[in-house]
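Me: I've got a model open and I keep tripping over the labels people put on it. Can we go through a few and check what backs them up?

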Amino acid sequence: MHLARFPRVRLVHAPTPLEFLPRLTEQLGGPRLYIKRDDCTGLATGGNKTRKLEFLLGDALAQGATHIVTHGATQSNHVRQTAAAAARLGLQCTALLEARIADGSVEYRNSGNVFLDRLFGARLEHRPAGLDMNAEVEQYAARLREQGEKAYAIPGGGSNHIGALGYVASAQEILQQADAAGIVVHHVVHATGSTGTQAGLVAGFQGSHSGVPVLGISVRAERAAQEDKVWQLASRTLQHLGVSAPLPREAVRANSDYVGAGYGRPTPEMVEALTLLARTEGILLDPVYSGKGFAGLLDLIRKGHFRQDENVVFVHTGGAVGLFGYRDTFDPLHAAA
């Protein structure tokens, strides 16, 4: 799969590290745990969206765009990285923030990602929960075009067939690192939300005939809906790459057992997983995506889902800056310490 055919701007500090987690592996008694550090992509404290933005903003610049319009939840990692990338490239950026958590604290509404959005110069507009946010973005971009601006609309999470190319590149990178280290990757696990990361990984591993299975731990949708969305986007991504073979439905697997009360709603399991990784390996997760994804991975390990001699790679999608919007969730932890 020849990714150089597609417009791209270089934003990622690549390759991001693929690190073994020795203390946690020992504590759990296996499998051997590795972490793909896409919290270290470099732009605006890092995160997985930067990989997608390389191709999305490459496409935007190829079309002569001067104004980027996108959306996300209030504490959106995607919006933060888009705002930073736009600033770096000299583009205007407008973000529509959806109030998915209507009762969020003052810190949730103003600190963390929101503070950085403003610092990077993004124009922020707010929308109530429940709207078709991709349609809202398209309508906003259309109004800008009517005013003579060259607006480029990016869907939530950067998750379309262009953005997913970023995780096709990541799949290639993981395989190259594993080959260089002599590691057989038996499983890749990550938090799945807007589907672009999982679709790109699935397309990348399938297109390379590597046989590496990908499990997405859902942070929002129930399993059937999540798997269907990922399959559709992965299939479209493979078509975009010129891969004609159909994608088997069984290549897409999601687990929705760890969503809890809903998107962005903390769970005790997330707090435990985040704290455990911080105190064994000194690595910070985020409370919305990677924290719940890692909580799911830990529970599956404890239930014997993986063999002790297998190598499991967890893809860290970043977002630790969002912890500052959830400080109240961790206050009992700090008090106990």
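Me: What makes strand S10 count as mostly covered?

Reply: Bear in mind that this is a predicted model. For S10, residues 311-316, 6 of its 6 residues are buried, and buried means under 20% relative accessible area. That earns the strand its "mostly covered" label.

Me: Which residues of S10 point which way?

Reply: Asn311, Val313 and Val315 go one way, while Val312, Phe314 and His316 go the other. Both sets are buried.

Me: How do you know that S2 and S10 pair?

Reply: Pairing takes at least two bridges between the strands. S2 (residues 32-37) and S10 are joined by 6 bridges and run parallel, so by the two-bridge cut-off they pair. Tyr34 stands opposite Val313, and Arg37 has His316 as its bridge partner.

Me: What makes S7 a partner of S10?

Reply: S7 (residues 187-192) shares 3 bridges with S10, in the parallel sense, against a cut-off of at least two. His187 has Val312 as its bridge partner there.

Me: Why are S1 and S9 said to stand at the edges?

Reply: The open sheet has 6 strands in the order S1-S2-S10-S7-S8-S9, with mixed pairing. S1 (18-20) and S9 (253-255) each have a single partner strand, so one side of each is left without a neighbour in the sheet. Neighbouring strands here are turned by 30° against each other on average, ignoring direction.

Me: Which helix packs on that sheet, and which strands does it touch?

Reply: Helix H9 (residues 223-241) does, touching S7, S8 (214-218) and S9. Its direction makes about 145° with that of S9.

Me: Why is H8 called largely enclosed?

Reply: 10 of the 12 residues of H8 are buried, so the rest of the structure largely encloses the helix. Among the buried ones are Gly196, Leu201 and Phe205.

Me: What is the span of H8 set against?

Reply: H8 (residues 196-207) reaches 16 Å from its first C-alpha to its last, close to the 16 Å expected at 1.5 Å a residue. After the helix comes His209, with a positive phi near 55°.

Me: Why is Ala142 called partly exposed?

Reply: Buried is under 20% and exposed is over 50%. Ala142 has 29% relative accessibility, so it counts as partly exposed. Ala142 sits in helix H6 (residues 133-146), and its C-alpha is 9.2 Å from that of Tyr152, 10 residues apart along the chain.

Notes: Residues numbered from 1 in each chain as written. Predicted model: local features only at pLDDT ≥ 70, side-chain atom pairs only at ≥ 80, totals over all residues. Heavy atoms only, no water. Buried < 20%, exposed > 50% of the residue type's maximum accessible area, 1.4 Å probe, protein only. Helix = DSSP H or I, 4+ residues; strand = E, 2+ residues; numbered from the N terminus. Expected span 1.5 Å × (residues − 1). Axes fitted to C-alpha atoms, helices over the stretch in contact; angles between N-to-C directions. Contact = heavy atoms within 4.5 Å.
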